[in-house]
Amino acid sequence: MPSNNDAEPDVEADRGQQGGVQSVDRALAVLEILARDGHAGVSEIAEEVNLHKSTVFRLLASLASRDMVQQNSGRGKYQLGFGILRLASSIPGRLSLVYEARPVLESLAEEYRETVNLAVLRSNFAVNVDQAMGPSMLATYDWVGSLTPLHATSSGKVLLAALPADERGRILEETGLPARTPRTITSRDELENQLLDVSRNGYAVTRDEIEIGLNAAAAPVYNHTGTVVGAISISGPAFRFDPETTPGLLEALKQAGLRISAKMGYTPR
């Protein structure tokens, strides 16, 4: 039988592990605050994480020793340091938008029982790179690999709205605004007004614009720099699917886009 003395080192080790995990958790909380706010002082951080200022100061000193944070000498506040870049620089190249988005697409398709797509901008078109089918008996077309016009699709409008005005203008000059249905927007002024709404509201809606009887809505997906790199959309037959009257759908769609964005390293400002 082991003696009490034999057991004590294990107890102490366990306590040390718990303390180490707690310190890591606190340090990560500090980094998240600085990533969100840009900079913060010891008192501000201490109040938010509910720790004594001396504890926060020690955490910051430890992080600063590894260049994870640095102090702004002018105001005495702290901000993220260049050590963060060393850790982050290897991540974006390994992130796959399709891989990271897949569970979110499937979850949204299951919840609303309609088809959910992920699209990116390629050669002046929105190309659908992944799709999750809802469990409805009547499903829509398999859009994976399809190049769709930016001005006539919800995903396309989200991607267009995120572009600088000169780049958007170049694309629209090259592609024109051909009518796919009688409901397709073919007026540049009308389209630009819609794109302003897309930027303001955080989503785009189309009805019968690329295909009669097909409604859709889309929301943006951001990368780690805050750039729109894709759009998540949900679509279905008009007789059963209206994104603006389906309770909670537009907010759920925007949140789905933000969940994918978080997986891509995006932090809302």
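**Exercise 1. Work out how helices H5 and H9 are oriented to each other in this predicted model.**

Step 1. Find the two helices: H5 covers residues 97–112, and H9 covers residues 249–263.

Step 2. Look at the geometry. Their axes come within 9 Å and cross at roughly 160°.

Step 3. Compare the angle with the cut-off: angles over 145 degrees count as roughly antiparallel. H5 and H9 are therefore roughly antiparallel to each other.

Step 4. Add the handedness: the crossing of H5 with H9 is right-handed.

Step 5. See who takes part. H5 contributes Leu 97, Glu 100, Ala 101, Val 104, Leu 105, Leu 108 and Tyr 112, while H9 contributes Leu 249, Ala 252, Leu 253, Ala 256, Arg 259, Ile 260 and Lys 263. Sorted by class, the residues of this contact are eleven nonpolar, no polar and three charged.

**Exercise 2. Now do the same for helices H7 and H8.**

Step 1. H7 spans residues 165–175 and H8 spans residues 188–201.

Step 2. The two helices pack at an angle of about 140°, and their axes are 13 Å apart.

Step 3. Roughly antiparallel would need an angle over 145 degrees, and roughly perpendicular runs from 65 to 115. H7 and H8 are therefore oblique to each other.

Step 4. Their crossing is right-handed.

Step 5. On the H7 side, the contact is made by Arg 168, Gly 169, Leu 172 and Glu 173; on the H8 side, by Arg 188, Leu 191, Glu 192 and Leu 195. The classes here are three nonpolar, one polar and four charged residues.

**Exercise 3. Decide whether Ser 154 is buried or exposed.**

Step 1. Locate Ser 154: this residue lies in helix H6.

Step 2. Use the cut-off for buried, which is under 20% relative accessible area. Ser 154 has 3% relative accessibility, so Ser 154 counts as buried.

Step 3. Check the neighbours. Leaving out residues up to four places away in sequence, Ser 154 touches Ala 204, Thr 206, Ala 216, Ala 217, Ala 218 and Ser 233.

**Exercise 4. Find out where the prediction is confident and where to be careful.**

Step 1. Start with the whole protein chain: the mean pLDDT is 83, and 84% of the residues reach 70 or more.

Step 2. Turn to the elements. Helix H6 (residues 154–161) has the highest mean pLDDT, 96, and helix H1 (residues 4–37) the lowest, 64.

Step 3. Look at the start of the chain. Over residues 1–17 pLDDT stays under 50, and the model has zero contacts for them beyond four places in sequence.

Step 4. Draw the lesson: where pLDDT is low, the predicted coordinates should not be read in detail.

Terms used: Residues are numbered from 1 along each chain as its sequence is written. This is a predicted model: local features need pLDDT of at least 70, side-chain atom pairs count only at pLDDT 80 or more; totals for chains, interfaces and linings use all residues. Side-chain values use heavy atoms; hydrogens and water are left out. pLDDT is the predictor's confidence in each residue, from 0 to 100. Helices (H or I, at least four residues) and strands (E, at least two) are DSSP runs, numbered from the N terminus. Contact means heavy atoms within 4.5 Å. Axes are lines fitted to C-alpha atoms, for helices over the stretch in contact, and angles run from 0 to 180 degrees between N-to-C directions. Angles under 35 degrees count as roughly parallel, over 145 as roughly antiparallel, 65 to 115 as roughly perpendicular and the rest as oblique. A crossing is left-handed if the near helix is turned anticlockwise from the far one by less than a right angle, and right-handed if clockwise. Ala, Val, Leu, Ile, Met, Phe, Trp, Tyr, Cys and Pro count as nonpolar, Asp, Glu, Lys and Arg as charged, and the others, Gly among them, as polar. Buried means under 20% relative accessible area, exposed over 50%, partly exposed in between (1.4 Å probe, protein chains only).
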